[in-house]
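Dear colleague,

I am passing on the structure that we talked about, with the sequence alongside. Please have a look at it before reading my notes, which follow directly below.

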Amino acid sequence: MAFNNGKRIINRLPAIDKVCFHWRAGRCTRNPCQYRHTDTQPPSKWSRDYGQGGAVNGEPRGPGFRAPLKTQNKICTYWVADKCSYGESCKFWHQWFVSDSFTMLTQLAGHEKKVISGIAFPTGSDKLYTGSKDGTVRVWDCRSGQCAAVISLGSEVGCVISEGPWVFVGISNCVKAWNTQANSELTLSCPSGQVYALAVHNEMLLAGTQDGSILVWKSVAATNGFEPAAALQGHSASVVTLVVGANRLYSGSMDNTIRVWELETLQCIYTLTDHTSVVMSVLCWDQYLLSCSLDKTIKVWALTMSGNLEVVYTHREEHGLLALSGMPDAQGKPVLICSCNDNTVRLYDLPSFSERGKIYAKKETRAIQTGPGGLFFTGDGNGDLKVWKWSEQSPEAASTIQQ
């Protein structure tokens, strides 16, 4: 503001090349406003300089070309919180995923906004089982999408797996087992703290525990039960992931290592130390072992000519990794599904690691499970279970679970 011969002169600020936030929300009262009241960006120096041909960023431009405003490659955090006032005009995504290869069938809520720590789909069953840190296992009817039962366990669920008709649930100091065909229930005691990981191989049940041990039970056909067989020692911190492949057990731990066990002898034959933080998940694919860690890497391991396991490729992310799963897409091509601690799930083609899509959640996704007919499931820290399906599947697969 200035004075000239006693008259007040208002020096208006130059217009700013930015859309008015209040105008978009329909409540701007400034006239004139220093911001734009239009979503169309005026021609810039770049559009004038290149408007008669030439190229920008290697792309040919025709006469009078003006680049449109680009949609931000990011989910709208206000939409996630149900507070976005822009609606369809918002430049951020209002959807839970970005991909042309799969779609979300439904979202199931019920775990009281607590972490879903395991998902299981027993063979021959029409029920889906989810375990949570809210101390319950929920049983979902796959045809109606409704919760058919809630099993209260009185302890946080560390993991859930299925093998044949059996569903195994790891909680503090024990493993709960249900036979979905015989309607029987077992409790296997393991006084080693929280059970974080479970695996089954050749009539053996293996449990990774809080104190770093791996407990082993063998199936007893006569009683349709299990009896203790061994306790594998070696990890110096909690075992949080287990996977079996080629008659070997691979265990990942909070001690930053992966141990490789010969299942015939139950002896440790390798200790892999390439990760620099907690090994959160391990996965067998083809002739390779894949592992992910909070050190922001996925490592691909292969056997060398000398018989040792060595890293042959390292994929780096911007955030720590939490869980791995894999499945074929609609065309039978292998896809890696991995969750990160930035509340996203990334999907990659193997072996190229070309990105196929991205899934968003309100909180970290800790559980990923694949199913029949191109289905897969994700469970996050908000207690939300989402059901996904690869595109171009048969109509029969699409009817398995519907919203």
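In residues 232-271 the C-alpha atoms at the two ends lie 14 Å apart, and this span is 60% strand and 0% helix. UniProt, in an unreviewed entry, places the feature "repeat: WD" at these residues and also at 108-150. Please keep in mind throughout that this is a predicted model.

As for the chain as a whole, it has 33 strands and four helices, and 45% of its 403 residues count as buried. Among the contacts with a separation of 6 or more, 38% are between residues 24 or more positions apart.

One sheet that I looked at in more detail is open and has four strands, in the order β8-β33-β32-β31, with antiparallel pairing. Its edge strands, each of which pairs on one side only, are β8 (102-109) and β31 (365-370). On average, and ignoring direction, neighbouring strands of this sheet are turned by 20° against each other. Strand β31 is joined by five bridges to β32 (residues 375-380), the two running antiparallel, and Gln369 has Phe377 in β32 as its bridge partner.

Strand β32 also holds Asp380. Is this residue, Asp380, buried or exposed? Its relative accessible area is 2%, which is under the 20% limit, so Asp380 counts as buried. A polar atom of the Asp380 side chain lies 3.1 Å from the backbone nitrogen of Asp384. Leaving aside neighbours within four places in sequence, Asp380 is in contact with several residues, including Lys114, Val115, Ile116, Thr365, Arg366 and Lys386.

Turning to the nonpolar cores, the largest has 18 residues, of which Phe102, Ile337, Leu347, Ile359, Phe376, Trp388 and Trp390 touch the most other members. Two or more residues of this core come from each of the elements β27 (321-328), β28 (334-340), β29 (344-349), β30 (355-360) and β33 (384-390). A second core, separate from this one, has 17 residues, among them Met280, Leu283, Cys292 and Leu350.

Which residues does Phe102 contact, once its neighbours within four places in sequence are left aside? Among them are Leu347, Ile359, Phe376, Trp388 and Trp390, and the list also includes Phe97, Arg356, Gly357 and Lys358.

With best wishes

Conventions
Residues are numbered from 1 along each chain as its sequence is written. This is a predicted model: local features need pLDDT of at least 70, side-chain atom pairs count only at pLDDT 80 or more; totals for chains, interfaces and linings use all residues. Side-chain values use heavy atoms; hydrogens and water are left out. A nonpolar core is a set of buried Ala, Val, Leu, Ile, Met, Phe, Trp, Tyr and Cys residues joined through side-chain atoms within 4.5 Å. Buried means under 20% relative accessible area, exposed over 50%, partly exposed in between (1.4 Å probe, protein chains only). Contact means heavy atoms within 4.5 Å. UniProt positions are given in the numbering used here, feature names are shortened, and annotations may be inferred rather than shown by experiment. Two strands pair if DSSP finds at least two bridges between them. Axes are lines fitted to C-alpha atoms, for helices over the stretch in contact, and angles run from 0 to 180 degrees between N-to-C directions. A polar contact is a pair of N or O atoms within 3.5 Å; within protein, one must be able to donate a hydrogen and the other to accept it, and residues adjacent in sequence count only if both atoms are side-chain atoms.
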